[in-house]
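Work through the exercises below with the sequence and the structure open. Try each task before reading its solution.

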Amino acid sequence: MIVVLLGPPGSGKGTQGERLAARLGVPKLSTGDVLRAAAAAGTSLGLEAKGYMDRGDLVPDAVILGIMKEALSSPAHAAGVILDGVVRTVPQAEGLRDVTAQIGRQVDVVLLFEIDDEALVTRLSGRTTCEKCGKPFTGFTPGAPCPDGEGTLVRRKDDEPDAIRNRLRVYHAQTAPVVAWYRGAGANVQVIDAVGALDDVFARVTGAAGIA
Ligand code: AMP
């Protein structure tokens, strides 16, 4: 099953995608995670992406299409994949359509996480992320130990107020049109109310994905 998760930053795509991946027994691919790991390792991909990411801008489509192609042609993703934040522009959606067609597959469902901007600013500005495992947490201050491992919690540079506002602008301008593109292409687009307890939202996710 190939699942595309769409929604603004902080809408819970990553956390819910992780749970959905575990339930389906398939990997989750987050381009944000791939790019952050590349930036931390100082690879040329990471160095190219870092400036865009720190400002909350999108990295160029060609970079994302490269990651997408490599990932989807790997045997690890043969049984399916949860694509978290991988599709953020119409050219990326078109690229994914072409890559999946080449391997005889198609996107099975698009899950759109809906939540208003004000709630997102509150969520993201209170979020810390483990520098080691990458998991997000709320209710902790930067510098605290990761509750789930050995790392330290930090505030992501793009969770600073200016970058948050820019990420939301970018979402509305560049990613929201992807929803209309998928609808126009006849895809199975399901809207998820992303407000509520994690378990409640996950029940909506599995119901919408048809795996409840
Ligand atoms: P995320 O962790 O999904 O919030 O992504 C963090 C940042 O990585 C984004 O603000 C972008 O700068 C970059 N990024 C991740 N995925 C994409 C994508 N599909 N297209 C463009 N930029 C991306």
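**Exercise 1. Is L65 buried or exposed, or partly exposed?**

Step 1. Recall the classes: buried means under 20% relative accessible area, exposed means over 50%, and partly exposed lies in between (1.4 Å probe, protein chains only).
Step 2. L65 has a relative accessible area of 22%, so L65 is partly exposed.
Step 3. Place L65 in the fold: this residue lies in helix 4 (residues 61-72). Helices (H or I, at least four residues) and strands (E, at least two) are DSSP runs, numbered from the N terminus.
Step 4. Compare sequence with space: L65 and P147 are 82 residues apart in sequence, and their C-alpha atoms are 34 Å apart.

Before going on, note that this is a predicted model, in which local features need pLDDT of at least 70 and side-chain atom pairs count only at pLDDT 80 or more, while totals for chains, interfaces and linings use all residues. Residues are numbered from 1 along each chain as its sequence is written, and side-chain values use heavy atoms, with hydrogens and water left out.

**Exercise 2. Describe the surroundings of strand 4 (residues 109-114).**

Step 1. Start with burial: 5 of the 6 residues of strand 4 are buried, so strand 4 is largely enclosed by the rest of the structure.
Step 2. Look for partner strands; two strands pair if DSSP finds at least two bridges between them. Strands of a sheet pair through backbone hydrogen bonds, either parallel or antiparallel.
Step 3. Strand 1 (residues 2-6) pairs with strand 4 in the parallel sense, over 4 bridges. In this pair V4 stands opposite V110.
Step 4. Strand 8 (residues 189-193) also runs parallel to strand 4, joined by 5 bridges. Here L111 has Q190 as its bridge partner.

**Exercise 3. What is the strand order in the open sheet of 3 strands, and which strands stand at the edges?**

Step 1. The order is 6-5-7, with antiparallel pairing.
Step 2. Strand 6 and strand 7 each have a single partner strand and stand at the edges, so one side of each lacks a neighbour in the sheet.
Step 3. Count the bridges: 3 join strand 5 to strand 6, and 2 join strand 5 to strand 7.
Step 4. Find matching residues: T128 has F137 in strand 6 as its bridge partner, whereas T129 is matched with V154 in strand 7.
Step 5. Follow the chain from strand 5 to strand 6: the two form a hairpin with 5 residues between them, and G134 in the turn has a positive phi of about 80°.
Step 6. Consider the side chains. In a regular strand they alternate between the two faces of the sheet. In strand 5, R127 and T129 point one way, T128 and C130 point the other way, and all are buried.

**Exercise 4. How many salt bridges does the structure hold, and which residues share a network?**

Step 1. Apply the criterion: a side-chain nitrogen of Lys or Arg within 4 Å of a carboxyl oxygen of Asp or Glu. The structure holds 14 salt bridges.
Step 2. Take K135 and D148, whose closest N and O atoms are 2.9 Å apart. This pair links distant parts of the chain: K135 is in the loop between strand 5 (127-130) and strand 6 (136-138), and D148 is in the loop between strand 6 and strand 7 (153-154), 13 residues apart.
Step 3. Check the exposure of both: K135 is partly exposed at 39%, and D148 is partly exposed at 48%.
Step 4. Turn to R167, which forms a salt bridge with D158 (3.8 Å, N to O). Both D158 and R167 are buried.
Step 5. R167 also meets D159 in a salt bridge (2.8 Å, N to O), and D159 is buried too. Through shared partners, salt bridges join R127, R156, D158, D159 and R167 into one network.

**Exercise 5. How many residues surround the ligand, and which are the closest?**

Step 1. Count residues with a heavy atom within 4 Å of the ligand. There are 16, and the closest are T31, R36, D57, V86 and R88.
Step 2. Find the element that gives the largest share: helix 2 (residues 31-41), with 4 residues.
Step 3. List polar contacts (pairs of N or O atoms within 3.5 Å; within protein, one must be able to donate a hydrogen and the other to accept it, and residues adjacent in sequence count only if both atoms are side-chain atoms). A polar side-chain atom of T31 lies 2.8 Å from a ligand nitrogen atom. For Q92, a polar side-chain atom is 3.0 Å from a nitrogen atom of the ligand. G85 places a polar backbone atom 3.0 Å from a nitrogen atom of the ligand.

Note on methods. Near = heavy atom within 4 Å.
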